[in-house]
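Welcome! Take a moment to look over the sequence and the 3D view, and then we will walk through some of the side chains together.

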Amino acid sequence: MAHVARAHGGFQQGYSEGHAATLEGVFTRNGLVHEQAGANVALPSPLPKDPARPPAGPPWKGSEVGEPAVLVQAVVAVAERMYGSAEDVPDAVGWLLDEEFAFGEPYGSTGEFLGDLADSAAHQGTCTDTTVEAVPFLMELVCDDNIAPGSRLVLLGDLLRLAASGPAAAVSLADRITALGGAWEETAAEYLTRWAIGSELPRLLSRWEDESDAVRFALAALTALCGTRDRRALSGLAALPAPAGSPRADAVSLVAALLSNDREGLVPALDRLASWSPRVAEKAASPNVTEPR
């Protein structure tokens with residue numbers, strides 16, 4: 001589908017990037033993609049199967065998320081320590097200090113609470129001014145030893161997704177923006193969120209020796225994404241349990257190439273990821289990908 005769309009100067013609309021009618025209304029090229037001659041392509045029969053995913057690496061150790069009541073108590077304690085009853089509490093934190101929250105129904109699972117926490121900082125993963133203001137609080141939670149290791153890892157994953165929101169949008173929307181004759185520009189909130197996370201990274205990296213392997217991997221990925229140069233993170237990747245031929249090894253290779261600014265190393269790392277991840281393979285096929293990839 002993506003190949004046919006690109007052949008006509010268009011794009012593949014996938015998932016929920018926007019209303020098709022709205023996009024078609026501003027499509028200024030001669031005719032819409034689906035109206036072009038040759039746009040109707042017979043589906044192959046049988047449909048091709050996704051490539052087999054390589055065997056996973058060994059399970060991460062120390063990934064317990066803790067009981068929901070204990071986690072809520074620890075998170076509220078951090079909020080009170082940082083903000084107390086101040087009037088300038090960030091919107092993403094205020095609900096934790098609300099009296100109604102304290103007497104609300106207990107959470108049934110830790111994941112449910114972590115989901116609400118992430119959504120309060122960035123609704124559906126969208127960076128806003130609220131997200132930027134919430135970064136110091138999220139960083140404080142990651143550094144708090146009263147937060148279970150697995151929950152701290154989840155929070156690091158949230159920070160990773162937030163820091164990647166701008167670059168990820170550039171990749172995801174590249175075909176569409178090119179087809180519509182536009183130019184992509186990162187939002188101020190996306191940029192400021194990544195900058196705020198990067199400015200707090202030295203504090204997290206100072207704890208490197210005390211962290212679990214899973215947290216170290218997340219920290220290394222976050223370091224690469226924020227453009228921070230840290231030899232400790234780069235050398236520490238080699239010590240992670242990532243057997244050759246596993247998805248984890250491919251991801252570690254990609255992070256290592258980014259950390260060392262090794263553009264030649266990016267190509268084989270992305271090729272290995274694309275060999276078992278159709279989503280990566282489809283994005284890598286875009287004409288918007290510069291050479292070398």
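## An aromatic cluster

In this predicted model, W95, F101, Y107 and F113 come together as one aromatic cluster. Inside that group, Y107 and F113 make an edge-to-face pair, with 5.2 Å from centre to centre and 70° between the planes. Both Y107 and F113 are buried.

## Aromatic pairs

How many aromatic pairs are there? The count comes to 5 aromatic pairs. A pair of aromatic rings is described by the distance of the centres and the angle of the planes.

Take Y83 and F137 as one of these pairs: the ring centres are 6.3 Å apart and the planes meet at 50°, so the pair is tilted. That angle is neither under 30 degrees, as stacked rings would need, nor over 60, as edge-to-face rings would need. The two rings join distant parts of the chain, since Y83 belongs to helix α3 (residues 68-83) and F137 to helix α7 (residues 129-143), 54 residues apart. Are they buried or exposed? Y83 has a relative accessible area of 15%, so Y83 is buried, and F137, with a relative accessible area of 1%, is buried too.

## A charge over a ring

Now look for W60. Over the face of its ring lies R248, at 3.7 Å from the ring centre.

## The nonpolar cores

In soluble globular proteins, nonpolar side chains tend to be buried together. Here the largest nonpolar core has 57 residues, and the members that touch the most others are V75, L96, F137, L141, L156 and I197. You have already met F137 as the ring partner of Y83.

What does I197 touch, leaving aside neighbours within four places in sequence? I197 is in contact with V135, M139, L159, L162, A163, L222 and C226. There is also a second, separate core of 6 residues, with L254, A257, L266 and A269 among them.

## A closer look at L225

L225 is found in helix α12 (residues 213-225). At 26% relative accessibility, L225 is partly exposed, because buried would require a value under 20%.

Which residues does L225 touch, not counting those up to four places away in sequence? They are L160, A163, A164, P167 and R194. A163 is also in the list of contacts of I197. As for T131, L225 is 94 residues from it in sequence and 17 Å from it in space, C-alpha to C-alpha.

Note on methods:
Residues are numbered from 1 along each chain as its sequence is written. This is a predicted model: local features need pLDDT of at least 70, side-chain atom pairs count only at pLDDT 80 or more; totals for chains, interfaces and linings use all residues. Side-chain values use heavy atoms; hydrogens and water are left out. Rings of Phe, Tyr and Trp (its six-membered ring) pair if their centres lie within 6.5 Å; planes under 30 degrees apart count as stacked, over 60 as edge-to-face and the rest as tilted. Helices (H or I, at least four residues) and strands (E, at least two) are DSSP runs, numbered from the N terminus. Buried means under 20% relative accessible area, exposed over 50%, partly exposed in between (1.4 Å probe, protein chains only). A charge sits over a ring if NZ of Lys or CZ of Arg is within 6 Å of the ring centre and within 35 degrees of the ring normal. A nonpolar core is a set of buried Ala, Val, Leu, Ile, Met, Phe, Trp, Tyr and Cys residues joined through side-chain atoms within 4.5 Å. Contact means heavy atoms within 4.5 Å.
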